[in-house]
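Hi there,

Here is the structure I promised to send over. Have a look at it first, and my notes on the strands follow below.

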Amino acid sequence: FLRSRQRIMAISSFGKILTVLDLFSVSRPIINVDIICDELSLSKPTAYRYLKELVSTDILKRISGTSGDYTLGSKIAVLDYISHSTDPLVQISIPFMRDIVDRTELCCLLTYLNHDYCIDLHHETFKEAELISYGRGCPRPVYVGASPKIVIAHLSKQHIQAYYHQFTQELAQVGFAHSLDEFMQQMRKIKKQGFYLSQGEIDPMVCGLSVPIRFSTKEAPIALTLVASKNRFDFLNIQKLIEILQNNAAQIEHKFATLSENQSN
């Protein structure tokens, strides 16, 4: 019993140490002990202990020549490389995404929805075209854009309602929904039509067209999205793009299901 309790306490303590990572962002790539103490309500001895543990595992590194500033360490880059290189869904999707890009000459994204943000797991661009997106791993809002909406529309009723309550103010500000009933109607419509086209939601001059990749009945789908300038979309056959996305999404789903079956046998 004592060993079990010590193990639980150790896991709990490790979880608290990892909360330090939540303090980093693109706008704040460097933190120090005062930031940790202020934002996590920790004592300085505890904050220094957390920093020592994270530095010892290369998750953080101390910036030399400073009075105690820290940035993300090399282990983060290694883990990201491993994740991207071995994630079966990403690896299965890449050839199909490249084919989509070759056929449409647009940028293609594979996007995952987290609890309060979404991130691109992978992207493919046409030749040397500039990616009109946030880029891999860069968090972006869930209340604007095609990718998060197509994913949320395929969640359970309870989870859809939870998203509305979490972002009620933001959804009203962007004019997408001013009540829970309106939001639920919008989500039902998106799910029924099987795609979502966003026009200028994230950037006034950018459009996104998303369909879901439903690889599990127990988990939220992944969004497969085409992104281009609004001017470009004005001259495109949207229905044809939807067909291309949906056909490739179906092939990705089938290949992933086949892989899962082979691994379980």
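Please keep in mind that this is a predicted model. I went through the strand pairing, beginning with the N-terminal strands.

Strand E3, residues 69-72, has two partners to look at. Strand E1 (residues 31-32) pairs with strand E3 in the antiparallel sense, over 2 bridges. If you want a spot to click on, Asn32 has Asp69 in E3 as its bridge partner. Strand E2 (residues 60-62) also runs antiparallel to E3, and 3 bridges join the two. Here Arg62 is bridged to Tyr70 of E3. E2 and E3 form a hairpin with 6 residues between the strands, and within this hairpin Gly65 adopts a positive phi near 85°.

Now for the open sheet. Which order do its strands take? Reading across, the order is E5-E4-E8-E7-E6, so to speak a row of 5 strands with antiparallel pairing. At the edges sit strand E5 (118-124) and strand E6 (196-199), each of which pairs on one side only. From one strand to the next, the twist averages 25°.

Within that sheet, I looked at one pair in detail. Strand E4 (residues 107-113) and strand E8 (residues 222-229) run antiparallel and are joined by 5 bridges. To find this pairing on screen, go to Leu109, whose bridge partner in E8 is Thr225. While you are tracing these strands, a general point may help: side chains in a regular strand alternate between the two faces of the sheet.

Happy to go through any of this with you.

Best wishes

Key:
Residues numbered from 1 in each chain as written. Predicted model: local features only at pLDDT ≥ 70, side-chain atom pairs only at ≥ 80, totals over all residues. Heavy atoms only, no water. Pairing = 2+ DSSP bridges. Helix = DSSP H or I, 4+ residues; strand = E, 2+ residues; numbered from the N terminus. Axes fitted to C-alpha atoms, helices over the stretch in contact; angles between N-to-C directions.
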